[in-house]
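Reader: I would like a close look at a single part of this model, the tryptophan side chains and whatever surrounds them. Please take the description step by step, and keep apart what belongs to the rings and what belongs to the fold around them.

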Amino acid sequence: MKIQLIAVGTKMPDWVEKGYQEYARRFPKEMQLELLEINAGKRGKNADIKRILKKEGELTLAAIPKGNKIVTLEVTGKAWTTEQLAGEMTKWQLDARNISLLIGGPEGLAPECIALSEQRWSLSALTLPHPLVRIIVAESLYRAFTLTINHPYHRE
């Protein structure tokens, strides 16, 4: 199974790249985690946010391979414990489809992305910085994965 993390925003600080890669590289070949960045629209004082969000949504949806299960990360989604996330990952594997996890930009995801979502996951009721979300998602997925294979990482 491949888990594709599609995130709006490019040119992340070095610490974000290193943090994400630290966890992504730990996954085995049979469960790969890959990041695909979507260009964020230019925001400014008089920016047309609705148009920007629509364009980001179009680019995000175009990046999803046909047949992938779509899971959106949203504040209003369902919060999972590590154990629950491990259970979801097991279900994803049994579903035999690859997963596309979608992270929106500053205003969140386009309504078109949310409409196609099969699951909605909330990391927190807090609004988190989008660069940090990449690292949190990668670590959370890795921790849940280790739980499914009885690896000691989760207990550290």
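Author: In this predicted model, W92 is buried, since its relative accessible area is 1%, and the cut-off for that word is under 20%. W80 also counts as buried, at a relative accessibility of 14%. Altogether the structure contains 5 aromatic pairs, and one of them joins W80 to W92 in an edge-to-face arrangement, with 6.4 Å from centre to centre and 65 degrees between the planes. The two residues sit 12 places apart in the chain, W80 in the loop between β3 and α3 and W92 in helix α3 itself, so that the pair links distant parts of the chain.

W80 has a further ring partner in W121: here the centres are 5.4 Å apart and the planes meet at 25 degrees, so this pair is stacked, because planes under 30 degrees apart are counted that way. As W121 belongs to strand β5 while W80 lies in the loop between β3 and α3, the contact of the rings ties together parts separated by 41 residues in sequence. W121 is buried as well, with a relative accessible area of 2%.

The helix that carries W92 is α3, residues 82-95, which lies across β1, β3 (69-79), β4 (99-103) and β5, and runs at about 160 degrees to β3. Helix α3 also holds M89, a residue that is buried at 1% relative accessibility. Leaving aside residues up to four places away in sequence, M89 touches M1, I3, M31, L141, A144 and F145. For one of these contacts, L141, the C-alpha atoms of the two residues are 8.2 Å apart in space, although 52 residues separate them in sequence. Another of the residues touched by M89 is F145, and F145 belongs to an aromatic cluster together with F27, Y142 and Y153.

Beneath these side chains, the strands make up an open sheet of 5 members in the order β2-β1-β4-β3-β5, with parallel pairing. Strand β5 (119-122), which contains W121, stands at one edge and β2 (32-38) at the other, and since each has a single partner strand, one side of each is left without a neighbour in the sheet. From one strand to the next the twist averages 30 degrees. On the β2 side, β1 (residues 2-8) pairs with β2 in the parallel sense over 7 bridges, and I6 has L36 of β2 as its bridge partner.

Strands β3 and β5 also take part in the largest pocket, where each of them, like α5 (130-148), supplies at least two residues of the lining. The volume of this pocket is about 350 Å³. Its lining comprises 19 residues, and those nearest the centre are L73, E74, V75, L128 and H130. Strand β3 gives the largest share of the lining, with 3 residues.

Methods:
Residues are numbered from 1 along each chain as its sequence is written. This is a predicted model: local features need pLDDT of at least 70, side-chain atom pairs count only at pLDDT 80 or more; totals for chains, interfaces and linings use all residues. Side-chain values use heavy atoms; hydrogens and water are left out. Two strands pair if DSSP finds at least two bridges between them. Helices (H or I, at least four residues) and strands (E, at least two) are DSSP runs, numbered from the N terminus. Axes are lines fitted to C-alpha atoms, for helices over the stretch in contact, and angles run from 0 to 180 degrees between N-to-C directions. Contact means heavy atoms within 4.5 Å. Rings of Phe, Tyr and Trp (its six-membered ring) pair if their centres lie within 6.5 Å; planes under 30 degrees apart count as stacked, over 60 as edge-to-face and the rest as tilted. Buried means under 20% relative accessible area, exposed over 50%, partly exposed in between (1.4 Å probe, protein chains only). On a 1 Å grid over the protein atoms alone, a cavity is a set of points where a 1.4 Å probe fits but cannot get out, and a pocket is an open set with protein on both sides within 12 Å along at least five of seven lines; lining residues have an atom within 4 Å of a point. Grid points are joined across faces, edges and corners, and a volume is the space filled by probe spheres set on the points.
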